[in-house]
Amino acid sequence: MKVEYAILSLVVLILVSVFVYIQNYALQKTDYRITFKKLPNGFDGYKILHLTDIHRKSFGVKQKRLIAMVERENPDLIVVSGDIIYCYNHWYNFGYSYKKDLSKVIALFDVIAKKYPVYYSAGNHECKSGYYKEVKEALLKSGVIVL
């Protein structure tokens with residue numbers, strides 16, 4: 001009886017772990033189509049891609065999965081609304097390095113900012129990290145327009 005509970009508990013733990021991993025590292029895409037009666041004709045079909053809350057995650061080697069998704073969408077403009085790094089250095093983040101976080105996401109911006117106009121505004125994680133200046137400099141070097 002105890003063995004069955006142990007096996008069941010292990011299976012549940014594995015399933016929950018897989019679910020949490022997928023929720024944290026899966027790319028999520030949502031499409032919205034917005035129309036404005038007084039918008040100039042030049043904006044007909046204009047596509048804006050919004051990226052947010054990357055939080056130091058890797059989407060493939062050098063962000064290749066995310067870059068591929070961006071390229072499939074072929075936006076006219078990309079806006080990034082912050083939280084590209086993670087600012088909290090808790091005991092369980094032993095060895096945390098903002099430089100390592102930043103290098104993960106800069107690999108993305110080094111590619112997409114050469115192909116599309118990219119506008120960035122800081123999130124709370126960049127502001128609280130104490131490294132906003134370094135983040136801003138790295139983004140500017142990649143060709144991102146920092147607001």
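**Exercise 1. Work out how much space the largest pocket of this predicted model holds, and what lines it.**

Start with the volume: the largest pocket takes in about 1400 Å³ of space. Next, go to the middle of it. There are 36 lining residues, and Thr 30, Tyr 32, Ile 48, Leu 49 and His 50 sit closest to the centre. Then ask which elements contribute: helix H1 (2–25), strand S1 (48–51) and helix H2 (64–73) each give two or more residues to the lining. Last, sort the lining by chemistry, and you get 19 nonpolar, 9 polar and 8 charged residues.

**Exercise 2. Trace the fold along the sequence.**

Count the elements and you find 5 helices and 4 strands. Put them in sequence order and the pattern reads α-β-α-β-α-β-α-α-β. Now look at the contacts: taking pairs at least 6 apart in sequence, 82% join residues at least 24 apart.

**Exercise 3. Find the largest nonpolar core and say which element gives the largest share of it.**

Some background helps: in soluble globular proteins, nonpolar side chains tend to be buried together. Here, 32% of the 147 residues count as buried. The largest nonpolar core has 26 residues, with Ile 78, Ile 84, Phe 109, Ile 112 and Leu 139 making the most contacts inside it. S1, H2, strand S2 (77–80), helix H3 (98–115), strand S3 (118–120) and helix H5 (132–142) each supply two or more core residues. The largest share is from H3, with 7 residues.

To finish, zoom in on Ile 84. Leaving out residues up to four places away in sequence, Ile 84 touches several partners, among them Val 105, Phe 109, Val 135 and Leu 139.

Notes: Residues are numbered from 1 along each chain as its sequence is written. This is a predicted model: local features need pLDDT of at least 70, side-chain atom pairs count only at pLDDT 80 or more; totals for chains, interfaces and linings use all residues. Side-chain values use heavy atoms; hydrogens and water are left out. On a 1 Å grid over the protein atoms alone, a cavity is a set of points where a 1.4 Å probe fits but cannot get out, and a pocket is an open set with protein on both sides within 12 Å along at least five of seven lines; lining residues have an atom within 4 Å of a point. Grid points are joined across faces, edges and corners, and a volume is the space filled by probe spheres set on the points. Ala, Val, Leu, Ile, Met, Phe, Trp, Tyr, Cys and Pro count as nonpolar, Asp, Glu, Lys and Arg as charged, and the others, Gly among them, as polar. Buried means under 20% relative accessible area, exposed over 50%, partly exposed in between (1.4 Å probe, protein chains only). Contact means heavy atoms within 4.5 Å. A nonpolar core is a set of buried Ala, Val, Leu, Ile, Met, Phe, Trp, Tyr and Cys residues joined through side-chain atoms within 4.5 Å.
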